[in-house]
Amino acid sequence: MSDDRTAPAPADPSPDELAERLSEVFDLVGPLYRRVQRKVEEAAPIEGLSVGVRAVLDLLRARGPMTVPQMGRAQALSRQFVQRMVNDAARQDLVESVPNPAHRRSSLIRLTEPGRAAIEAVRAREHELLRRVGGDLTMADVDACVRVLGAMHALFADVDVD
């Protein structure tokens, strides 16, 4: 005699049901992004970084030297906006332009030591804040969230931001 008390696996949602639930994700992501942006701006006097400069520094920290167009594509931002953020960061000695062996007219932008120190300080402060996320979240929950947001991101990958 077997004692199988496991619940049956839920049926896959219909495309309409899935779309409705995914719209709930959009409803959360927009306000969350804006609140995080405000929180970063509140801390701007501490590190002296705007949200845009912080994004540029973090991208360069993660991926190494990049051109402005590459950064724009990676962040789904216009080249003009990224260029303004790079200019702001350069004025603060956080980034520098270096020759690009692959393209003479499009310099590579890389972090300076002060830029690396600034973004590491920001990330350490943010890490401490994120440690306070409540609930009983598991790594599987976070992995599923990243997978869902990645799939939604891929759906809109062809949208031109320039």
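**Helix α2 and its salt bridges**

In this predicted model, helix α2 (residues 51–63) and helix α3 (residues 68–75) have axes that come within 11 Å and cross at roughly 100°. That crossing angle makes α2 roughly perpendicular to α3. On the α2 side, the contact is made by A55, V56, L59, L60 and R63, and α3 brings M71, A74 and Q75. Sorted by class, the contact of α2 with α3 has six nonpolar residues, one polar and one charged.

Now stay on α2 and look at D58, which is found in that helix. D58 is buried, because its relative accessible area is 15% and the cut-off for buried is under 20%. Leaving out residues up to four places away in sequence, D58 touches I119 and R123. With R123 there's a polar contact, side chain to side chain, at 3.3 Å. D58 also forms a salt bridge with R61, where the closest N and O atoms are 2.8 Å apart. Those two both sit in α2, three residues apart, or about one turn of the helix. Unlike buried D58, R61 is partly exposed, at 25% relative accessible area.

So what else is α2 hooked up to? The side chains of E126 and R54 meet in a salt bridge (2.5 Å, N to O). E126 lies in helix α5 (residues 113–130) and R54 in helix α2, so this pair ties together parts that are 72 residues apart in sequence. Both E126 and R54 are buried.

Put these pieces together and you get a network of salt bridges linking R54, D58, R61, R123 and E126. The structure holds eight salt bridges.

Technical notes: Residues are numbered from 1 along each chain as its sequence is written. This is a predicted model: local features need pLDDT of at least 70, side-chain atom pairs count only at pLDDT 80 or more; totals for chains, interfaces and linings use all residues. Side-chain values use heavy atoms; hydrogens and water are left out. Axes are lines fitted to C-alpha atoms, for helices over the stretch in contact, and angles run from 0 to 180 degrees between N-to-C directions. Helices (H or I, at least four residues) and strands (E, at least two) are DSSP runs, numbered from the N terminus. Angles under 35 degrees count as roughly parallel, over 145 as roughly antiparallel, 65 to 115 as roughly perpendicular and the rest as oblique. Contact means heavy atoms within 4.5 Å. Ala, Val, Leu, Ile, Met, Phe, Trp, Tyr, Cys and Pro count as nonpolar, Asp, Glu, Lys and Arg as charged, and the others, Gly among them, as polar. Buried means under 20% relative accessible area, exposed over 50%, partly exposed in between (1.4 Å probe, protein chains only). A polar contact is a pair of N or O atoms within 3.5 Å; within protein, one must be able to donate a hydrogen and the other to accept it, and residues adjacent in sequence count only if both atoms are side-chain atoms. A salt bridge is a side-chain nitrogen of Lys or Arg within 4 Å of a carboxyl oxygen of Asp or Glu.
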